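Please go through the assignments made for this model one at a time, and for each of them set the value against the cut-off before drawing a conclusion.

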Amino acid sequence: MTDEELATAPILRRPGRGLQKLPTKQRATLRLSADVLAHFRADGAGWQTRISVP
């Protein structure tokens, strides 16, 4: 690309969620036994979210 093309090229960004208006979650470290972790991971993607759901 020429300098002129670079100067006029659109800036592409990945769509994102942006900043939270009011944070609803907190970061924590959790140690789980291997069998509990295996149980949640066996169900596939989203296992971290399923741990958090009441």
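Q: Why is G18 called exposed?
A: In this predicted model, G18 has a relative accessible area of 63%, and exposed means over 50%, so G18 is classed as exposed. The residue belongs to the loop between α1 and α2, and its C-alpha atom is separated by 31 Å from that of M1, 17 residues apart along the chain.

Q: What makes S33 partly exposed?
A: The relative accessible area of S33 is 37%; since buried requires a value under 20% and exposed a value over 50%, S33 falls in between and is therefore partly exposed. S33 is likewise found in the loop between α1 and α2, and from C-alpha to C-alpha it is 54 Å from M1, with the two residues 32 apart in sequence.

Q: Why does L32 count as partly exposed?
A: L32 has 36% relative accessibility, a value that is neither under 20% nor over 50%, and therefore L32 counts as partly exposed. Its place is in the loop between α1 (3–8) and α2 (34–42).

Q: What makes L30, L32 and V36 a nonpolar patch?
A: Membership asks for over 30% relative accessible area, no salt bridge, and nonpolar side chains joined within 5 Å; L32, at 36%, is over the area cut-off of 30%. Together L30, L32 and V36 form a patch on the surface with about 250 Å² of accessible area.

Q: Why is R50 classed as partly exposed?
A: With 30% relative accessibility, R50 lies between the limits of 20% and 50%, so it counts as partly exposed. R50 is part of helix α3, residues 47–52, and its C-alpha atom is separated by 7.5 Å from that of F40, 10 residues apart along the chain.

Q: How do you know that the protein follows the pattern α-α-α?
A: The protein contains three helices and zero strands, and reading along the sequence gives α-α-α.

Q: What radius of gyration does the protein have, and what would a compact globule of 54 residues have?
A: The radius of gyration of the protein is 21 Å, whereas a compact globule of 54 residues would have one near 10 Å. Taken along the principal axes, the C-alpha atoms fill a box of roughly 60 × 30 × 15 Å.

Q: What share of the 54 residues is buried, and how much area does the protein expose?
A: Buried residues, those under 20% relative accessible area, make up 2% of the 54 residues. The protein exposes about 6000 Å², of which carbon and sulfur atoms supply 55%.

Q: How many positive and negative side chains are there, and how far apart are the centres of the two sets?
A: There are 9 positive and 5 negative side chains, and the centres of these two sets lie 18 Å apart.

Technical notes: Residues are numbered from 1 along each chain as its sequence is written. This is a predicted model: local features need pLDDT of at least 70, side-chain atom pairs count only at pLDDT 80 or more; totals for chains, interfaces and linings use all residues. Side-chain values use heavy atoms; hydrogens and water are left out. Patches are made of residues with over 30% relative accessible area and no salt bridge: like charges are joined within 9 Å, nonpolar side chains (Val, Leu, Ile, Met, Phe, Trp, Tyr) within 5 Å. Accessible areas come from the Shrake-Rupley method with a 1.4 Å probe; for residues, only the protein chains shown count as cover. A salt bridge is a side-chain nitrogen of Lys or Arg within 4 Å of a carboxyl oxygen of Asp or Glu. Helices (H or I, at least four residues) and strands (E, at least two) are DSSP runs, numbered from the N terminus. Buried means under 20% relative accessible area, exposed over 50%, partly exposed in between (1.4 Å probe, protein chains only). The radius of gyration is taken over C-alpha atoms; the globule rule is 2.2 Å times the number of residues to the power 0.38. Lys and Arg count as positive and Asp and Glu as negative; His and the chain ends are not counted. The place of a charge is taken as NZ of Lys, CZ of Arg, CG of Asp or CD of Glu.
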